[in-house]
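Visitor: I have not looked at this structure before, and I would like to learn how to read it one feature at a time. Could we go through it together?

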Amino acid sequence: MQGANDINPLSRSAVTVGTFDGVHRGHREVVDFLLSESSKRNLRPVVITFEPHPLAVVAPERAPKLLELPSEREECLRDMGVEVVVLRFNEELRSLTAAQWLRRLHDEYGAELVVAGFDNTFGCDGMSMSLADYRNIAEPMGLDVVQAPVLEGVSSTLIRRALGKGDVKDAAGMLGHPYSVSGIVTHGRELGRKIGFPTANLLPDPTLLLPAPGVYAADAVLSNGEKHRAVVNIGTAPTVATGLPLTVEAHIIDFTGDLYNTTLRLDFLCRIRDESRFPDLDSLKTHIRLDIENAKKV
């Protein structure tokens, strides 16, 4: 995890601060603005983000499942052309006032410009402050605070809401790319193999948000970069038994091979149907064939 010692405070920078969970289109608007302003002022663009999610410290009962792993978030931000600093969010960080936060950005990270997102607040006393208040605090420090453009209708909360309804298309529209879940392929119940539709049983990171239970069309991206269309079931296999744990199983269309203990990424394209309980395995197989045909058409 990168900290203040990894940044030369004598090197002038433009900084934006936020959680950036999902690095969605709204976040990209902020980062693009940061890049533009830093270029005009000959400053280094720096994104400061947190691990864990601040709500995990402030209100653990309200801490959300993540839209991507921290390592994926960092890689995505760096690919946009910024330096990334990840701060451990703890009680010490939580207790900083707005003035202390801005002073820290100036002294420890060489900030001369702070780009604020539409919902950015600084410090434990910052919830009631306006942009003008921040500017009044920052100006004597030699800091300029500017507001980034706002992209209406896009937020991590709205993306989570869409995924909670299984609307992966709406989530993709806000993200700017399909919602993805990665994990290690493990041994599962192997029912799919027994009925002629072998599946890769995915073990995703427990901190990640899964789309709502149901059947989805997805692109399965193998560890070697190969991409194949897949039918993904997120659910409890109610046709087989009751009370089974939730699983993520992908039938990779027209693929044969051993994927056990490899990493598999699923890029969700659309929801095909709800998970259903069928009267027998023959009915289940009939619906899986229909699911495969529908997935091919996406």
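Guide: What follows is a walk through a predicted model, from the overall chain to its pockets and then to single residues.

Visitor: Let us begin with the whole chain: how many helices and strands are there in the chain?

Guide: The chain has 10 helices and 11 strands, and its C-alpha trace spans about 75 × 35 × 30 Å along the principal axes. Of its 298 residues, 47% count as buried. If we take the contacts in the chain with a separation of 6 or more, residues 24 or more positions apart account for 73% of them.

Visitor: Turning to the pockets, how much space lies in the largest pocket, and which residues are the closest to its centre?

Guide: The space in the largest pocket comes to about 1,200 Å³. Its lining is made by 37 residues, of which T19, P54, D119, N120 and T121 are the closest to the centre. To see which helices take part, look at α1 (25-41), α2 (55-58), α4 (91-94) and α7 (156-164), since each of them supplies at least two residues of that lining. Sorted by class, the lining of the largest pocket holds 19 nonpolar, 13 polar and five charged residues.

Visitor: And what is the volume of the second largest pocket, and which element gives the most to its lining?

Guide: The volume of the second largest pocket is about 490 Å³. There are 23 residues along its lining, and E68, E72, S180, S182 and R265 are the closest to its centre. At least two lining residues come from each of α3 (70-79), β6 (179-186) and β11 (263-273), and β6 gives the most, with five residues. By class, the lining of the second largest pocket divides into 10 nonpolar, six polar and seven charged residues.

Visitor: How should I read a helix that has buried residues, and which residues of helix α8 are buried?

Guide: The general idea is that an α-helix has 3.6 residues a turn, so residues three or four places apart point the same way. In helix α8, which runs over residues 168-175, the buried residues are V168, A171, A172, M174 and L175. These residues lie on the same side of α8, because they cover an arc of only 165° around the axis. Among the elements that cover the buried residues of α8 are α1, α7, β6, β8 (214-221) and β11. After α8 comes G176, which has a positive phi near 90°.

Visitor: What should I know about backbone angles, and where is a peptide bond cis?

Guide: Most residues other than glycine have a negative phi, and most peptide bonds are trans. In this model, the peptide bond from E51 to P52 is cis, with omega near 0°, and P52 lies in the loop between β2 (44-51) and α2.

Visitor: Then what is the phi of F20, and is F20 buried or exposed?

Guide: The phi of F20 is near 55°, which is a positive value in a residue other than glycine. F20 is found in the loop between β1 (13-17) and α1, and it counts as buried because its relative accessible area is 5%. D254 also has a positive phi, of about 55°, although it is not a glycine. D254 sits in the loop between β10 (247-252) and β11, and it is exposed, with a relative accessible area of 70%.

Visitor: How many disulfides does a search of the whole structure find?

Guide: The search finds zero disulfides. As for the surroundings of two cysteines, C124 counts as partly exposed, at 48% relative accessibility, whereas C270 is buried, with a relative accessible area of 13%.

Visitor: Finally, how do I read the contacts of a single residue, and which residues is N201 in contact with?

Guide: It helps to set aside the neighbours within four places in sequence, and N201 is then in contact with I184, V185, T186, H187, G188, T247, V248 and E249. N201 lies in strand β7, which covers residues 200-204, and it counts as buried because its relative accessibility is 11%. A second case is L131, in helix α6 (residues 131-138). With its neighbours within four places in sequence left aside, L131 is in contact with A116, V145 and Q147. L131 and F118 are 13 residues apart in sequence, and 9.9 Å apart in space from C-alpha to C-alpha.

Definitions and conventions
Residues are numbered from 1 along each chain as its sequence is written. This is a predicted model: local features need pLDDT of at least 70, side-chain atom pairs count only at pLDDT 80 or more; totals for chains, interfaces and linings use all residues. Side-chain values use heavy atoms; hydrogens and water are left out. On a 1 Å grid over the protein atoms alone, a cavity is a set of points where a 1.4 Å probe fits but cannot get out, and a pocket is an open set with protein on both sides within 12 Å along at least five of seven lines; lining residues have an atom within 4 Å of a point. Grid points are joined across faces, edges and corners, and a volume is the space filled by probe spheres set on the points. Helices (H or I, at least four residues) and strands (E, at least two) are DSSP runs, numbered from the N terminus. Ala, Val, Leu, Ile, Met, Phe, Trp, Tyr, Cys and Pro count as nonpolar, Asp, Glu, Lys and Arg as charged, and the others, Gly among them, as polar. A disulfide is a pair of cysteine sulfur atoms within 2.5 Å. Buried means under 20% relative accessible area, exposed over 50%, partly exposed in between (1.4 Å probe, protein chains only). The arc is that of the directions from the helix axis to the C-beta atoms. Contact means heavy atoms within 4.5 Å.
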